[in-house]
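I opened my notebook to get to know a protein I had not met before. Come along and look over my shoulder.

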Amino acid sequence: MSSVAEEQKVSHRQMRPALRKPGFGPEGTASGRTRRGRALGLLAAVLVLPTAAGLTTVANAAPADTTTTTTTSAAPTTTDSDDEVLAPVDKTTVAETTKPKATTAPKATTTAKVTTTTAAPTTTTTTTEAPTTTTEAPAPPPRAATARSAPAPNQSIPGVSKVQWITDRRVALWVDSPAMGSPFQVQVLLARDWNAKPDATFPALYMLDGLRARDDESGWTIETDAASFFADKNVNVILPVGGESSFYADWLAPDKGKFYQLETFLTKELPPVLENSLRTTDTRGVIGLSMGGTSAMSLTARNPGFFKFAGSFSGYLSTTSLGMPQALRYAMDNAGGYNVDKMWGAPSNPAWAAHDPYVNADKLKGVSLYISSGSGMTGPYDQPSGIPGVSTNYAGMGLEILSRLTSQNFATKLNKLGIPAQVNYRPSGTHSWPYWQFEMHQAWPQVANTLGVPVDAPACAPGGAIAPVANANPWLGGCVTGEYGVPGGVAQDFRNGRIFFSGGTGAQVVAGMIGGAYQAIGGPGGPLGMPTTSETGTPDGRGRYNHFQAGSIYWTPQTGAHAVRGAIRDEWAKQGWEGGPLRYPSADEINTPGKDGAVQGFEIGAMYWSPANGANAVQGLIMEKYGSMGYENSWLGFPKTSEIPVKDFGRFNAFDGGNIYWSPLSGAWSVRNGPVFDAWKSQGYENGRLGFPIGDARDIPGGVQQDFQGGSITTAGDRGDLHFR
C-alpha cells in the first residue's frame with residue numbers, strides 16, 4: 001500500500017480514535033433502549049412544540065418523492081428527474097471524488113418572490129483504488145559527521161502558541177485567545193494555489209461544527225470528504241475545533257471548566273492571525289450544520305459585513321419561539337452536560353433574542369444566503385425501522401423535523417422582508433452527516449460566486465517526468481495545479497499530495513503527514529532541499545520515510561512525522577537508522593536552551609549535538625538520570641560519546657563534566673571528573689575492586705564521598721582516598 005494512503009488512514013485513526021459519541025445528539029444516532037426512549041420523547045415534543053408556536057407542521061412538508069427548492073428573488077433551477085438520489089458516502093477513502101452537479105447559484109435581485117421547483121440532488125460517486133508506490137530508491141550512504149548546516153527552523157506564528165502541519169495544505173493552529181484565557185485550535189485547509197502562488201491571498205470559508213463538536217478534529221474532516229473536496233478550490237477553509245454545545249457564542253458564565261467566548265474569538269481574535277500569517281483576505285463566508293447552522297446565521301446578523309455568505313444545513317433558525325429554549329436546554333445537557341443558562345441566561349434574558357436568527361433576520365440584507373433541511377423521513381442514508389417513513393435514527397428524525405420547521409419559518413420571514421435566499425427542502429433524510437456532505441457540494445457554486453473565486457478548477461494534466469510517477473500512484477488523485485517552480489526544481493500539486501522534480505533527483509512523491517513535516521521545515525527551500533526518493537516503507541514494516549538532499553523525514557502511527565538531518569542524522573544512520581538503539585524520531589530537532597547545541601528526541605532516548613562533541617546518543621535509564629540532573633545545563637554538559645557497553649551488561653556515556661554509568665544490579669549514577677573519578681580510574685573503573693557506582697557523590701564534613709559496589713571514595717582537597725568493604 002502507498003505510504004501516504006496508509007499514513008492518512010492511520011493518522012486519521014490517531015486524530016479521531018472514534019466517530020461521534022454514541023447516543024443522542026444532533027449529529028449522532030440513538031442506540032439502546034434508554035437512548036431510544038429519550039429520543040422518542042424528544043420527537044414527541046418536537047411534533048407538539050411547532051404547532052403550539054404556530055409553525056407549519058411536518059404534515060405539510062414536501063412528499064417523499066420530490067425535492068422542494070424554494071428560491072426567493074432568484075431564477076429557479078430544475079432537473080429532469082423527480083426522484084431524490086444520493087450516493088452513499090465512503091468516509092475512509094482518500095481517492096478522488098467525482099464532483100456532483102451543483103444547483104445553480106441564485107442571482108441577486110431586489111424583488112421578493114417564491115418559486116417552487118423540483119430538483120434531484122446529483123449523485124456523488126466515490127471510488128477507492130489500490131494504492132501503489134514508485135520504485136524504491138536506495139537509502140543514501142551515511143555522510144561524514146559534520147555540524148548542522150543551519151539552526152533548527154523557526155515555525156512560530158505571532159498569536160499562535162502551537163503549529164502542527166498535518167499535510168502540506170492542512171495545518172492546525174492553537175490560536176491565543178485573551179477572551180477565553182487559553183489557546184483554541186483551528187485547522188485550515190489551504191487554498192488550491194497556496195503552494196503554486198506563494199504571493200497570492202485567498203478568501204476564507206468558515207465551517208462550523210454541530211452540538212457534539214470534538215476537541216481533536218472538526219466533524220467536517222471526520223465525517224465528510226471536505227479535505228478532498230476543497231483540495232481544488234481556491235479558498236482557505238477555516239475549521240474551528242471544539243466548542244461542544246457552545247453555539248459559537250460569548251457565554252455569560254463558565255460551565256464544565258470552559259468559558260466560551262467564541263464569537264469574540266472568531267470575529268476579533270482569529271482574523272488577524274489568518275490575514276497576517278496565512279494569506280487570508282477579509283472576504284469571508286460561513287456554513288454550519290445543526291448548531292453550526294444556527295450560529296452561521298446568528299454570527300452573520302450580529303456582525304454586519306463580516307460574512308458575505310451564510311449557509312445553514314439543518315440549523316435551528318428560531319431559538320426563542322415557544323418551546324425552543326426548553327429543547328435547547330435538553331439538547332445541551334445531553335451533549336456534554338452544559339447548562340443553557342450559562343450561555344444566554346433564563347429565556348427572558350435579552351441575550352436569547354439577540355442570538356435568534358429569526359428575530360434578527362432583517363440584519364441579513366445584502367448577504368448571500370443558503371438554507372437547507374430534510375424532512376426527517378427515512379432517506380437514502382438511513383436504516384428503515386420497519387415503520388413506514390421512520391428510520392432507526394429516531395433522534396435524527398425528530399431533530400431534522402425541528403430544523404425543517406424553524407427553517408421554513410425563517411425562510412418565510414426572509415421572503416416577507418424581501419431578502420433573497422436559496423432554500424433547499426429535501427423530501428427525506430434525517431439529522432446526519434451524509435446529507436450535510438451533500439449540501440456542502442450543492443452550496444459550493446453559490447459560495448464560490450459570492451467569494452469571487454472560480455467554481456471549477458482550471459484544467460491541468462501531469463506531463464514530462466512527473467506524468468509516469470503520477471500514473472503509477474493513482475491514490476494521489478487528479479492534479480489540481482499545473483507545474484510550478486520551486487527552489488531547485490519544479491512541483492505539481494495533486495488532490496492528496498505533491499510530486500517534485502529536478503534533473504538531479506528525478507520525480508518524487510511527497511504527501512500525507514510526511515508532506516506536512518516537509519512543509520513545516522520549509523519545503524524545497526528549507527534545509528532539507530529536494531526529495532531524492534518517493535515515500536517508502538521501512539524494513540520493519542512499521543514506518544514510512546522520504547530521503548531528501550540534506551536529510552530525511554520518518555513517520556510511524558505512534559510517533560508522527562519528523563525530519564532528521566545534519567550530524568544527528570549521520571550518527572543515527574551510523575547506528576542503524578530506525579533499526580538502531582534509538583528507534584524512530586519522536587520529536588523535531590530543537591536548539592538547546594542556554595547552550596550552543598541541538599537535541600532531537602527519539603523513541604528510546606535523544607541525540608545531542610554540540611560544536612565541540614558532534615552528535616551522540618543518550619538513551620534508556622542513563623537518559624533518565626541525565627534528565628534528572630538538568631540535561632546539558634547541569635555540570636555534566638553535553639555528551640561526548642554515545643552509549644558504550646561494559647561488563648555485566650552495563651553501559652556508560654561520557655559527558656563534558658563526567659560520566660553516567662548503569663548496570664542492571666547497580667542502577668544509573670554519575671561520576672564527576674576530578675579526584676573521585678581519578679581514584680576510581682586508578683583501580684580500573686568498574687573492572688576493579690570498587691565495581692560500579694551505587695550512588696551519586698555527596699558532601700561530607702571536609703570533603704565528598706561516593707559509594708561503589710566494593711567500597712567508597714572520599715576526597716579531601718584534590719585527593720581521593722579509597723575505602724574498601
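Here are my entries, going from the whole chain to a few places inside.

**Entry 1, the whole.** I reminded myself that this is a predicted model. I counted 16 helices and 31 strands in the protein. Of its 725 residues, 58% are buried. I then looked up the contacts with a separation of 6 or more, and 64% of them join residues 24 or more positions apart. For the surface I noted about 27000 Å² exposed, with carbon and sulfur atoms supplying 54% of that area.

**Entry 2, strand 4.** Is strand 4 buried or exposed? I checked residues 170-175 and found six of the six buried, so strand 4 is largely enclosed by the rest of the structure. Arg-170, Ala-172 and Trp-174 point one way, while Val-171, Leu-173 and Val-175 point the other way. Next I looked for the partners of strand 4. Strand 3 (residues 160-167) pairs with strand 4 in the antiparallel sense over six bridges, and two residues lie between these strands in a hairpin. Val-160 has Val-175 as its bridge partner in strand 4. Strand 5 (residues 184-189) is also joined to strand 4 by six bridges and runs antiparallel to it; there Gln-185 stands opposite Trp-174.

**Entry 3, the cores.** Leu-173 turned up again when I looked up the largest nonpolar core, which has 65 residues. Leu-173 is among the residues with the most contacts inside this core, as are Val-188, Tyr-206 and Phe-265. Which helix gives the most to this core? I found helix 5 (residues 262-277), with six residues. Another core, of 24 residues, lies apart from the largest one, and I noted Phe-229, Ile-287 and Met-440 among its members. I also listed what Tyr-206 touches, leaving out residues up to four places away in sequence: the list includes Leu-266, Leu-270, Ile-287 and Phe-306.

**Entry 4, a sheet further along.** I followed an open sheet of four strands in the order 16-17-18-19, with antiparallel pairing. Strand 16 (536-537) and strand 19 (560-565) are at the edges with a single partner strand each, so one side of each has no neighbour in the sheet. Strand 18 (residues 551-556) is joined to strand 19 by six bridges, and Thr-556 stands opposite Gly-560. Which helices lie across strand 17, strand 18 and strand 19? One is helix 13 (residues 512-520), running at about 140 degrees to strand 18. Helix 14 (residues 566-574) lies across these strands too, at about 100 degrees to strand 19.

Note on methods. Residues are numbered from 1 along each chain as its sequence is written. This is a predicted model: local features need pLDDT of at least 70, side-chain atom pairs count only at pLDDT 80 or more; totals for chains, interfaces and linings use all residues. Side-chain values use heavy atoms; hydrogens and water are left out. Two strands pair if DSSP finds at least two bridges between them. Contact means heavy atoms within 4.5 Å. Axes are lines fitted to C-alpha atoms, for helices over the stretch in contact, and angles run from 0 to 180 degrees between N-to-C directions. A nonpolar core is a set of buried Ala, Val, Leu, Ile, Met, Phe, Trp, Tyr and Cys residues joined through side-chain atoms within 4.5 Å. Buried means under 20% relative accessible area, exposed over 50%, partly exposed in between (1.4 Å probe, protein chains only). Accessible areas come from the Shrake-Rupley method with a 1.4 Å probe; for residues, only the protein chains shown count as cover.
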